[in-house]
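Me: I should like to learn how strand pairing, helix packing and enclosed space are read from a model. May we work through one case together?

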Amino acid sequence: VKLGGLSLSLLLVACGSPARPGDRTTDRSAEQIGERPPAKPPAGILSAEEQSIARAIDADQPAALALLEKVVNINSGTHNTDGVRAVGKVFAAELDALGFTTRWVDGSAFHRAGHLVAERAGAGPKLLLVGHLDTVFEPDSPFQRFERVSPDAARGPGVIDMKGGDVIIVFALKALESAGLLDGMHIVVVMNGDEEAAGDPMTAARAALVDAAQGAAAAIGFEDGAGDPKTAVIGRRGIVRWKLQVKGTPAHSSQIFRADIGYGAVFETARILDAFRTRLAGQKYLTFSPGLELAGTAVTHDDGNARGTAAGKPNVVAEHAVVTGDMRALSREQFAAAEKVMSEVVAGSLPGTSGEITFEDGYPPLAVTDGNRRLLAMYDQVSRDLGAGPVDAVDPSLAGAADVSHLAGIVPMILDGVGLMGDGGHTVNETADLATLPSQTKRAAILLHRLGKR
Ligand SMILES: [Zn+2]
């Protein structure tokens, strides 16, 4: 996913100020773009163990970059199932070497490549790390290769969304292992093969993720979030699709408004949509938009291809109308309340008409819970202790859908958007701010270490 954050890396390039490996880019970027620099934390807040984690990550940077380049150069557009599996094999080998038990979940039941699931059991609380192997760039895209565009930036398909996040998962775990801290931790890694175009049916496509989440104390998603290391994601809106079908009494236009004929399907549809707007528009985090409307004497609607036809002379009372749209909300409760209002509106038919509205779940919402806030607070503290400044929550209305949303209500603490930062996701300008590779890996590894001790 991608939301549209600041173009920090490009600004820095323009400033002619390349970063050194291990730099605290958050501080530096903030100063250079004239924002308030983050508060400087007291020194010596990292434990000796945490300092050794950070040192291991710095030492591993050449290997982390090499792995990033290698996986970006393997095309893994969602529908290129061989490519998705090939990227999965690379990460499986890395996790095998760290003592994980890895397995490939076959995706034929949901028409996708499948998923990588890796587990390393231990006495500590179960921690779930979520990545994805696929990108939006299929083999026919002109965008196929990793390209270093400056000392601090690399462009490539999936470099931030989210092969960079996957590399951060691996190198955070490697640092914990080399500091002797991985034993005793209980970590599960799930890298889905179809985040960008989820398999069908969705329940089958997300069963492995949901299974892996059972009993987890925390789940962390390594998407690129808002592309800004000063933010992370603890709430995302979900998506529900709706379809309104209205019937009127067909008649000559000259007889409209007669008691036994009524108002026709077009006036009734206009009433319904306007009532949706007046009763629900403006509610915080709620949006709903009619994307297609067809009305007349005869209507055909092709749901799968999002198109249709309509026919009706000027001198008729319209008999049929179909409207399709989507709705976004931050919690299941908010969806339920809006659906109730919309159903009430539809039920209040004008004379001579009737209507029906149906709702179909798309992505579930990730509501902002106290647990998610607690996990963000821990991550924020880790970042301050590293000298990397505070981390705030992204506005949920700017956060796109992602896989951790399927864990809402299952895992008590969920955080996302802590992967490799950059901008231009889902475009041929997808570019990583490479200075955030070590800094984001350190934040992740030390957060995992602190969670593992709870
Ligand atoms: Zn993504």
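Me: Which residue in β15 does I239 stand opposite?

Reply: A ladder between two strands is read one residue pair at a time. In this predicted model, I239 stands opposite R328 in β15. That pair belongs to the pairing of β9 with β15, which is antiparallel and extends over 10 bridges.

Me: Over how many bridges do β11 and β15 pair, and in which sense?

Reply: The pairing of β11 with strand β15 (residues 320-329) is antiparallel, with 9 bridges. Two positions illustrate the register: F288 has M327 in β15 as its bridge partner, and A295 stands opposite A321 in β15.

Me: In what order do the strands form the sheet?

Reply: One reads the order by passing from partner to partner. Here 4 strands, in the order β11-β15-β9-β16, make an open sheet with antiparallel pairing. β11 (287-296) and β16 (354-361) are the edge strands; each has a single partner strand, so one side of each lacks a neighbour in the sheet. From one strand to the next, the twist averages 15°.

Me: Is β15 mostly covered or mostly open?

Reply: Burial is judged residue by residue and then counted along the strand. Of the 10 residues of β15, 7 are buried, and the strand is thus described as mostly covered.

Me: Which helices lie across these strands?

Reply: For a helix on a sheet, one asks which strands it crosses and at what angle. Helix α9 (residues 264-280) lies across β9, β11, β15 and β16, and runs at about 150° to β9. Helix α10 lies across β9, β15 and β16, at about 165° to β16.

Me: R279 is found in helix α9; is R279 buried, partly exposed or exposed?

Reply: The relative accessible area of R279 is 48%, and because exposed means over 50%, R279 is classed as partly exposed. Apart from neighbours within four places in sequence, R279 has contacts with V341, E344 and V345. Separation can also be read in two ways: R279 and A318 lie 39 residues apart in sequence, and their C-alpha atoms are 26 Å apart in space.

Me: How does one find empty space in a model?

Reply: A probe the size of a water molecule is rolled over the atoms, and this shows where empty space remains. In this case, the largest pocket holds about 340 Å³ of space. It is lined by 17 residues, of which R332, D361, G362, P364 and H406 are the closest to its centre.

Me: Which elements supply the lining of the largest pocket, and what classes of residue does it contain?

Reply: At least two lining residues come from each of α7 (202-205), α8 (207-213), β9 (238-247) and α10 (332-347). The most are given by α10, with 4 residues. By class, the lining of this pocket comprises 10 nonpolar, 3 polar and 4 charged residues.

Me: How many cavities of 30 Å³ or more are counted?

Reply: The count is 1 cavity of 30 Å³ or more. About 40 Å³ of space lies in the largest cavity. Its lining includes V130, G131, H132, M162 and E195, and strand β3 (residues 126-132) gives the most to that lining, with 3 residues. The classes in the cavity lining are 5 nonpolar, 3 polar and 4 charged residues.

Methods
Residues are numbered from 1 along each chain as its sequence is written. This is a predicted model: local features need pLDDT of at least 70, side-chain atom pairs count only at pLDDT 80 or more; totals for chains, interfaces and linings use all residues. Side-chain values use heavy atoms; hydrogens and water are left out. On a 1 Å grid over the protein atoms alone, a cavity is a set of points where a 1.4 Å probe fits but cannot get out, and a pocket is an open set with protein on both sides within 12 Å along at least five of seven lines; lining residues have an atom within 4 Å of a point. Grid points are joined across faces, edges and corners, and a volume is the space filled by probe spheres set on the points. Ala, Val, Leu, Ile, Met, Phe, Trp, Tyr, Cys and Pro count as nonpolar, Asp, Glu, Lys and Arg as charged, and the others, Gly among them, as polar. Two strands pair if DSSP finds at least two bridges between them. Axes are lines fitted to C-alpha atoms, for helices over the stretch in contact, and angles run from 0 to 180 degrees between N-to-C directions. Contact means heavy atoms within 4.5 Å. Buried means under 20% relative accessible area, exposed over 50%, partly exposed in between (1.4 Å probe, protein chains only).
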